[in-house]
Amino acid sequence: MTDSASTGTDSVRELDGDTVERIAAGEVITRPARVVAELVENALDAGAERIDVAVDGDGTERIRVADDGHGMGRADAALAVEPHTTSKIRDASDLAVADSLGFRGEALASVADAGTLELTTNADGSGGEGDASDGTGRTGEGDVGTRVRVADGETTVADAGRARGTTVEVTDLFADRPARRESLASPAREFGCVSELVADYALARPEVAFSLSHDGRETLRTPGTGTTDALVAVYDREAAGHATAFDHRAELGSRIELRAEGALVAPAVTRSTREHVHLAVNGRPVTNEALRRAVVAGYGTLLPSGREPVAVVRLSLPAAAVDANVHPAKERVALREGDAVADAVETGVRDALTTADLRRSGEVAMDLDSSLAPVEGADSEFADATVIGQFRDLYVLCETDDGLLVVDQHAAHERVNFERLRAALADEAVPSAEVDPAATVSLDPGAAAAVEGNADALAELGFAFDRFGGTTYRVTGAPAPLGRVADADALGETAASLDGGEADPREAALADLACHPSLKAGDALDRETASRLVERLGECEQPHACPHGRPTTLTVGEATLADGFERHGRR
Ligand code: ADP
Ligand code: MG
């Protein structure tokens, strides 16, 4: 390696080729997530319909990206790992019109330079799975695939069995770059970056099936069947269920055709942070602050103050209108006519939300992040509490002015959800969702009698049902106050609890409904979420008990601790 600092002279000199390479590579391959991005883009450029990403540890141990794209013949595979080799452009004149994600022809070489790279590929597709290096000496393109390995600057080429497609495995990343290794965050953080990145690609290319696993455990899988399913995988059913598809076309000043399409999640589901506006330009996830702000502006006043939207906005623009070269890793883009593009995006989003069925936005979103949004103008009884930890993934421990406050996270979240639900529904009937096909439930005679006796109350709680004969009922509607539909089986239980002489049967039923989406014991909470939970609990009308009447908090006064440790009169 060239180390100019150790030569001890100050003269300006030209760097040798190897160094130039390293500087350039250093710009692109800064962390494991960048390797994943380059490999995923290559897979997409190869027309893959399925891309499987696996990461071990912080990614320096192993990154593997497998695709079912068109693969490479042997000669191409051997050439592809060399610097400045690409099949995507021929010369600079193609640059302006390149519609592929890659074109610089340096990614594989840079990755190979930063770690050990093994590329297994087959352009034909009749080769089997597994290693089929059979020593027959066949080297042409046929049913035998190719394995190219670059380790310590040595390239070896061999036969390998593989179905059509390409697998690239990178190990020992940054093994000889201690400074890069030092600059990496914890494995969890580095994997977090990979995870966000893969999610971004999955939302930018929802027609491609993506999977991601970490240390052998699958953490994300999208089916490749469109935006809604990708949203379910990246977020949850709640967010996906509130999503409205949109497709907006505009012609900008200088005859630039723009298409903006994707999905906008209705503002019943929001987030506290900004990274949930997923932007893509011509198939590549990008960050662009002006475009993000345009999307938020399109939501306008629909967005509760201090909340951020969840949205997927994909732009198609003529390649000439986009300059991906402003950022070495192409994450940020510059747009010609940027203001006009932003205006068009804002209009597209606003129009889509105006025509969308916003009645759904009146529903109470019960996902964790939405549910902890602070109540405007409310003071939290626990404003002085500082979260100091979590015990058994069940209790949140806080330091307060008077001692130790212990919060049962499940009970606390239930209380929060219950009060939100009660406020949202006020005097209205609980929203109901159609159960289709209708569910048949058989009840024991006691429960059936309770159903008969409370038919009106059950209807008000969102059940639609009729008697099928005997003690069997056909349920055609179920309460869906949380955007999630209760089980048809809940009919019997709810009827029984209505019969149980509860002071307010409606409240009792709401309490049960609030319970389902609440945090469970065993859910690890990060400190920020835990603080928001405690703070939000403190804003409840009755913060000290869950809707079923169990305590939500326990205070261990400082005096109790002092007594226990016999610190009488001392500190
Ligand atoms: P670029 O993508 O800029 O062309 P890369 O170094 O990333 O440069 O890749 C070099 C070449 O290797 C590509 O142009 C392409 O022809 C080939 N290639 C890389 N990855 C794949 C893949 N997963 N499937 C098929 N071909 C690939
Ligand atoms: Mg590439």
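I count a polar contact as a pair of N or O atoms within 3.5 Å, where, within protein, one must be able to donate a hydrogen and the other to accept it. With that in hand I opened this model, which is a predicted one.

**Entry 1: Glu 190**

I started at helix 7, residues 187-204, where Glu 190 lies. Is Glu 190 buried or exposed? It counts as buried, because its relative accessibility is 1% and the cut-off for buried is under 20%. Next I looked for a partner for its side chain. The backbone nitrogen of Ala 185 lies 2.8 Å from a polar atom of the Glu 190 side chain, and that distance falls within the 3.5 Å I set out above. I then listed the contacts of Glu 190, leaving aside neighbours within four places in sequence: they are Arg 31, Pro 32, Asp 58, Leu 184 and Ala 185. Ala 185 thus appears in my notes both for the polar atom pair and in the contact list.

**Entry 2: the whole protein**

I stepped back for the overall numbers. The protein has 571 residues, and 47% of them count as buried. I noted 19 helices and 22 strands. For contacts with a separation of 6 or more, I found that 71% are between residues 24 or more positions apart. The protein exposes about 27400 Å², and carbon and sulfur atoms supply 48% of that area.

**Entry 3: strand 6 and its partners**

Strand 6 covers residues 165-171, and I checked how it is covered. Five of its seven residues are buried, so the strand is largely enclosed by the rest of the structure. Which strands pair with it? I looked at two. Strand 2, residues 62-67, pairs with strand 6 in the antiparallel sense over six bridges. In that pairing I found Asp 67 opposite Thr 166 of strand 6. Strand 3, residues 116-122, also runs antiparallel to strand 6, and seven bridges join them. Here Thr 116 stands opposite Thr 171 of strand 6.

**Entry 4: an open sheet**

I moved on to a sheet of three strands. It is open, its order is 19-21-20, and the pairing is antiparallel. Which strands stand at the edges? They are strand 19 (432-442) and strand 20 (464-469); each has a single partner strand, so one side of each is left without a neighbour in the sheet. I also checked the twist: neighbouring strands of this sheet are turned by 15° against each other on average, direction ignored. Looking at one pairing in detail, I counted five bridges between strand 20 and strand 21 (residues 472-479), in the antiparallel sense. Phe 465 stands opposite Val 475 of strand 21, and I kept Phe 465 in mind for the next entry.

**Entry 5: aromatic pairs**

How many aromatic pairs are there? With ring centres required to lie within 6.5 Å, the count comes to two. The rings of Phe 391 and Tyr 395 have centres 6.4 Å apart and planes at 20°, so this pair is stacked. Both residues are partly exposed: Phe 391 has a relative accessible area of 39%, and Tyr 395 has 30%. For Phe 465 and Tyr 473 I noted centres 6.1 Å apart and planes at 70°, so this pair is edge-to-face. Tyr 473 counts as buried, with a relative accessibility of 1%.

**Entry 6: Glu 414 and Arg 415**

My last stop was helix 13, residues 409-425, which holds Glu 414 and also Arg 415. Glu 414 counts as buried at 1% relative accessibility, and Arg 415 counts as buried at 5%.

I followed Glu 414 to a distant part of the chain. Cys 546 is 132 residues away along the chain, yet the C-alpha atoms of Glu 414 and Cys 546 are separated by 6.1 Å. Apart from neighbours within four places in sequence, Glu 414 is in contact with Ala 514, Cys 515, Ser 518, Cys 546, Pro 547, His 548 and Arg 550.

For Arg 415 I looked for a side-chain partner. The backbone oxygen of Gln 542 lies 3.0 Å from a polar atom of the Arg 415 side chain. Not counting residues up to four places away in sequence, Arg 415 touches Leu 537, Cys 540, Gln 542, Ala 545, Cys 546, Pro 547 and Thr 552. Comparing my two lists, I see Cys 546 and Pro 547 in contact with Glu 414 and with Arg 415.

How values were computed: Residues numbered from 1 in each chain as written. Chains lettered and ligands numbered in written order. Predicted model: local features only at pLDDT ≥ 70, side-chain atom pairs only at ≥ 80, totals over all residues. Heavy atoms only, no water. Buried < 20%, exposed > 50% of the residue type's maximum accessible area, 1.4 Å probe, protein only. Helix = DSSP H or I, 4+ residues; strand = E, 2+ residues; numbered from the N terminus. Pairing = 2+ DSSP bridges. Phe/Tyr/Trp six-rings, centres within 6.5 Å; stacked < 30°, edge-to-face > 60°. Contact = heavy atoms within 4.5 Å. Areas by Shrake-Rupley, 256 points an atom, 1.4 Å probe, with all protein chains shown as cover. Axes fitted to C-alpha atoms, helices over the stretch in contact; angles between N-to-C directions.
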